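Dear colleague,

I am passing on to you the structure that we spoke about, together with some notes on what turned up in it. Please look through it at your own pace and read the notes alongside.

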Amino acid sequence: MTKQKIAVLGPGSWGTALSQVLNDNGHEVRLWGNVPEQIEEININHTNLHYFKDIVLDANIKAYTDLEQALKDVDGIVFVVPTKVTRLVAKQVANVLKHKVVMMHASKGLEPETHERLSVILEEEIPENLRSDIVVISGPSHAEETIVRDITLITAASKDLKAAQYAQTIFSNHYFRLYTNTDVIGVETAGALKNIIAVGAGALKGLGYGDNAKAAIITRGLAEITRLGVKMGANPHTYSGLSGVGDLIVTGTSIHSRNWRAGHALGKGEKLEDIEKNMGMVIEGISTTKVAYELANELDVYMPITTAIYRSIYEGADIKESILDIMSKEMRAENEW
């Protein structure tokens, strides 16, 4: 493929890591953000110290605060902004974009209030004449490892296979590889909902439980994620792939995961407001827990782990008591839906 111009919207940890992947592949990368000091740091010092203490970025990666300038003549756009601002940024893109591009997103979450997936938000806010079918980029990936070029395998999903193959082509190299999929609902819900289970896995560790409990929450968590996703229209097989069980394993077992770290702190008795303040980054699993709990009630889907975490975060329930409550009440067949 010839050199592409790609705008990456969101200079957080994952946006920065994806920018480096694209730059390594010889593409022109434009990294957009709305914090002038951060953009200046990237352009002058070629660092993003809030997220990566020891990484120097290639000088070819250019950062912008002017969205229209960042999007001028680009071939593709990758949204990597927090869920809560995806709609706002999409509206801004729609106002300044002048031509059709391949539209991708690599964020993981569900919008509060509307309960919508991020691809749906982009479809609603950006006219069809300005974009391809949305490509969802998701899977087991810590930015801290991708930025040092550790081996990473993830998924590119779109209703239009050619759009997914475009993302696969521009991103894939010797350390970073994408597999295509057409199950957008499955890939997107798996990426969002696994953050809830990661919070729970961290909480179990914070409470002092061991590997048996870790295996239990990951396995039963996958079951309830799959139940909700299938009810929303997903293919159940997607949850056995990279964007499902793969992402759940990496997020539910690693200290790199901010969702796991948040849960770990909750398990140790720290207050949520202090955890969010100390993290300094968005903890998507916190807001997604509320959305998933509401969706489960709306669609009549049994999600005991999500319910336990919701009650601990939003109703002040003791998380250990909530877990023990599941243990005493859940007497079901393993394959029961």
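To begin with one residue, is E125 buried or exposed? The model is a predicted one, and in it E125 is buried, with a relative accessible area of 17%, a value that falls below the 20% under which a residue counts as buried. The side chain of E125 meets that of K91 in a salt bridge, with 3.1 Å from N to O. Since E125 belongs to helix α5 (residues 118-125) and K91 to helix α4 (residues 83-96), the pair ties together parts that are 34 residues apart in sequence. K91, for its part, counts as partly exposed, at 40% relative accessibility. Both residues also belong to a network of salt bridges that links R87, K91, E111, E116, E124 and E125.

The salt bridges

The count of salt bridges comes to 14, and two others deserve a description here. One of them joins D247 and K108, whose closest N and O atoms are 2.8 Å apart. Here D247 lies in helix α10 (residues 242-253), while K108 lies in the loop between β5 (102-105) and α5, so this pair ties together parts that are 139 residues apart in sequence. Both D247 and K108 are buried. In the other, the side chains of E294 and K290 meet at 2.6 Å, N to O, and these two residues both lie in helix α13 (residues 284-299), four residues apart, which is about one turn of the helix. E294 is partly exposed, with a relative accessible area of 25%, and K290 likewise counts as partly exposed, at 30% relative accessibility.

The annotated positions

UniProt, in an unreviewed entry, carries the annotation "active site" at K194. This residue sits in helix α8 (residues 184-207) and is buried, with a relative accessible area of 5%. Leaving out residues up to four places away in sequence, K194 touches K108, I225, D247, L248 and T251, so that its contacts include both partners of the salt bridge between D247 and K108.

The feature "binding site", also from an unreviewed UniProt entry, is placed at K108, R258 and N259. Although these positions span 152 residues in sequence, no two of their C-alpha atoms are more than 12.8 Å apart, so they gather at one spot. R258 is in helix α11 and counts as partly exposed, at 23% relative accessibility. N259 is found in helix α11 as well, but N259 is buried, with a relative accessible area of 6%. Not counting residues up to four places away in sequence, N259 touches N195, A198, V199, T251, I283, E284 and G285.

The nonpolar cores

Which residues touch the most other members of the largest nonpolar core? Of its 41 residues, they are L193, I217, L228 and I275. The elements that give two or more residues to this core are α8, α9 (211-231), α11 (258-267), α12 (272-279), α13, α14 (304-314) and α15 (319-329), and among these α8 gives the most, with nine residues. Apart from this core lies another, of 36 residues, including W14, I61, M104 and I137. To return to L228, its contacts, not counting residues up to four places away in sequence, are L193, A292, L295, A296, L299, V301 and M303.

Helix α14 also holds T306, which is buried, with a relative accessible area of 1%. Leaving aside its neighbours within four places in sequence, T306 is in contact with I196, E224, T289, A292 and Y293.

The surface

On the surface, I151, L153 and Y179 form a nonpolar patch, with about 300 Å² of accessible area together. L153 has its place in strand β7 (residues 152-157) and counts as partly exposed, at 31% relative accessibility. N235, in the loop between α9 and α10, is also partly exposed, at 35% relative accessibility. From C-alpha to C-alpha, N235 and P82 are 26 Å apart in space, and they are 153 residues apart in sequence.

With best regards

How values were computed. Residues are numbered from 1 along each chain as its sequence is written. This is a predicted model: local features need pLDDT of at least 70, side-chain atom pairs count only at pLDDT 80 or more; totals for chains, interfaces and linings use all residues. Side-chain values use heavy atoms; hydrogens and water are left out. Patches are made of residues with over 30% relative accessible area and no salt bridge: like charges are joined within 9 Å, nonpolar side chains (Val, Leu, Ile, Met, Phe, Trp, Tyr) within 5 Å. Accessible areas come from the Shrake-Rupley method with a 1.4 Å probe; for residues, only the protein chains shown count as cover. A salt bridge is a side-chain nitrogen of Lys or Arg within 4 Å of a carboxyl oxygen of Asp or Glu. Buried means under 20% relative accessible area, exposed over 50%, partly exposed in between (1.4 Å probe, protein chains only). UniProt positions are given in the numbering used here, feature names are shortened, and annotations may be inferred rather than shown by experiment. Contact means heavy atoms within 4.5 Å. A nonpolar core is a set of buried Ala, Val, Leu, Ile, Met, Phe, Trp, Tyr and Cys residues joined through side-chain atoms within 4.5 Å.
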